[in-house]
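The following exercises invite the reader to examine a protein model step by step. Please keep the sequence and the structure in view while working through them.

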Amino acid sequence: MCGIVGYIGHRKAYPIVLKGLQRLEYRGYDSAGIAIFDGSDIKLSKTKGKVADLQDRLEKEIPTEGNLAFGHTRWATHGVPNDVNSHPHYSNSQNLAIIHNGIIENYGTLRQELIKRGYTFTSETDTEVLVNLIEEIKIKEGVKLGKAVQIALNEVVGAYAITVFDKERPHELVVARLGSPLAIGVGEEEFFIASDASPFIEYTKNAIYLEDGEMAIVSREKGVRIRKIKNDKQVAANVQELKMNLEQIEKGGYEHFMLKEIYEQPNAISDTFRGRMRPKSGIIKMAGIDDNFEKFKNAKRIIIIACGTSWHAGLVAEYIIEELVRTPVEVEYASEFRYRNPIIYPDDVVIAISQSGETADTMAAIKLAKKSGAFVFGVCNVVGSSISRETHAGAYTHAGPEIGVASTKAFTTQITVLVIMSLKLAKEKGTITHTEYHNYLQELDLIPEKVKEALTCNDHVKTVAAKYKEASNFLYLGRGYNFPVALEGALKLKEISYIHAEGYPAAEMKHGPIALIDEQMPVVVIATRKGHYEKVVSNIQEIKSRKGKIIGIVTKGDKAVKELADYVIEVPETSELLTPLLTTIPLQLLSYHIAVMLDKNVDQPRNLAKSVTVE
């Protein structure tokens, strides 16, 4: 949600910031803007729309020379998407300029106070209030920009990642974060600011990730100086080496990032269990589990907290953990968990799942769980993210950067991590036999090749997509381990094609949804041979007798469903609890091709952001 990019150094800043904004388009936004310091004054250009619209406009409006610039992609919260509400924002004197991700909750009160002191406002945003509050403190207290920012942030309530510039201090930028990510790229006599490392990966491999409640003065003359916002305590800069590379954030010949990421899943799954699992010797090594095994062993229950696709992965994990480990599992929407005064015991284990590691609701739920004394284990993809730092222990998915807003490889790699965790815990607790354990390991080792085989259905899925792309509604059905896959398939279609879709347990169809069935309703049924196959076949017969159109996701060689369905899409055979890693593949491809055929923006669907870092 929103994106920040900044540069200060010896290069021309504008091209770096523009390219950085393009790299952050995946985060979701509705407007964009850039501020450039030309050596004497701050020049702004901003517009509703895409970064391409900004580029067309900016180069006509303002000079692009200068070694300091910063830019922003905005996802509207306070104020509608328009040119005026876009960032950056000036202070009243136009000596200060700011970009901001997040929400200032008490901006209304602050705005009224500033109006009483003679300030005027041109936008509806909370951000313009913040920059004028900083200016008021700077003038009233007679302090430099860094101190003024610190004082101001102690007066605001909310979440933020900000970059502020004062033309009276032309060689520095002031940045700060609370609840929204911010990274500082460290180069040779140059510094980069960004919401994540993708805008500066081609210039430097060294980055500092600000912790919550920290601010930094980034200066060409004095480097990076970090302090705590609350108490002004100095903090040592922790420079980390970035693991991603430029190739990972480019499309690599694919039309869209989403399609690239769908096809990356065999390698992503392999990377997730590489170094952790040795099938031949029957060994699983996971430091987060090894070092905290007693916590898991003694847990009376496991609570999984997540949002969106990660919540669906958590639902799959509920089936897997209860089957293998025999510990009760509850799966909670993080957004509901944090607000409903949940009952949490000190011997609970809470597993927090998030692709980005920055999801605001999940972060808040983690803090609530920790406050209640529970042990919190994180599963996320982004190294150095807030969730990876806030949890007691955890495991990375190693999916690599996921640029498409609609998660694909995040889902399968999250399930992979949770399967490995469950197998390790089950073996240590003795809740599965030696033979079962080894069989699961051997089968999991084959999954990347089976995902490759599942991807060969792509051309056939295109045919199905062409047939049903004009449908107004879809129904997705699954049972057991594949009920959450049905939910995920429906979500993918909604996210990128804007077609209404719902997922249900197949047996629940008779408790209401069957009323929707007619000859216009495509019904996607996950009907693999393992599990409740005969029951699902009966559900298909009920749909067929009401003239519903059946798209069956079946095990290779299936005959019974093939006779009933309008179309079948085959996946390889595997153990029942691993089927979600295969059955989700054709559903991802189906949603992708329908969206492309409907000319939708697959990688940047409307109204959505990759990482929801504010409520």
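Four exercises follow, each with a worked solution.

The model is predicted, so local features need pLDDT of at least 70 and side-chain atom pairs count only at pLDDT 80 or more, while totals for chains, interfaces and linings use all residues. Residues are numbered from 1 along each chain as its sequence is written, and side-chain values use heavy atoms, with hydrogens and water left out.

**Exercise 1. Describe the surroundings of S591.**

Solution. Begin with the secondary structure: S591 is placed in helix α20 (residues 580–597). Helices (H or I, at least four residues) and strands (E, at least two) are DSSP runs, numbered from the N terminus. Next, consider accessibility: S591 has a relative accessible area of 0% and is buried. Buried means under 20% relative accessible area, exposed over 50%, and partly exposed in between (1.4 Å probe, protein chains only). Then list the contacts (heavy atoms within 4.5 Å). Apart from neighbours within four places in sequence, S591 touches M258, K492, L493 and I496. Finally, a polar atom of the S591 side chain lies 2.8 Å from the backbone oxygen of Q588.

**Exercise 2. Determine how helix α4 is built and why it counts as largely enclosed.**

Solution. First take the length: α4 (residues 126–141) contains 16 residues and reaches 22 Å from its first C-alpha to its last. This is close to the 22 Å expected at 1.5 Å a residue, where the expected span is 1.5 Å times one less than the number of residues. Second, take the burial: 13 of the 16 residues of α4 are buried, so the helix is largely enclosed by the rest of the structure. Last, look past its end, where G142 follows with a positive phi, near 65 degrees.

**Exercise 3. Compare the settings of the salt bridges K116 to E113, K228 to E214 and R301 to E330.**

Solution. A salt bridge is a side-chain nitrogen of Lys or Arg within 4 Å of a carboxyl oxygen of Asp or Glu. The whole structure holds 38 of them.

- Step 1. The closest N and O atoms of K116 and E113 are 3.7 Å apart. The two residues are three apart in helix α3 (residues 107–116), and are therefore separated by about one helical turn. K116 is exposed at 67%, whereas E113 is partly exposed at 34%. Both belong to a network of salt bridges that links E113, K116, R117 and E136.
- Step 2. In the pair K228 and E214, the closest N and O atoms are 3.5 Å apart. This pair links distant parts of the chain, with K228 in strand β13 (residues 223–228) and E214 in strand β12 (residues 214–219), 14 residues apart. K228 is partly exposed at 28%, and E214 is buried at 5%.
- Step 3. R301 and E330 meet at 3.1 Å, N to O. They are 29 residues apart, R301 in the loop between α9 (293–297) and β18 (302–306) and E330 in strand β19 (residues 329–333). R301 is buried at 13%, while E330 is partly exposed at 33%.

**Exercise 4. Identify the partners of strand β23.**

Solution. Start with its burial: five of the six residues of β23 (residues 473–478) are buried, so this strand is largely enclosed by the rest of the structure. Strands pair if DSSP finds at least two bridges between them. Six bridges join β23 to the parallel strand β24 (residues 500–505), and G478 has P505 as its bridge partner there. Three bridges pair β23 with β25 (residues 522–527), also in the parallel sense, and L475 stands opposite V523.

Terms used
Polar contact = N/O pair within 3.5 Å; in protein donor to acceptor, adjacent residues only side chain to side chain.
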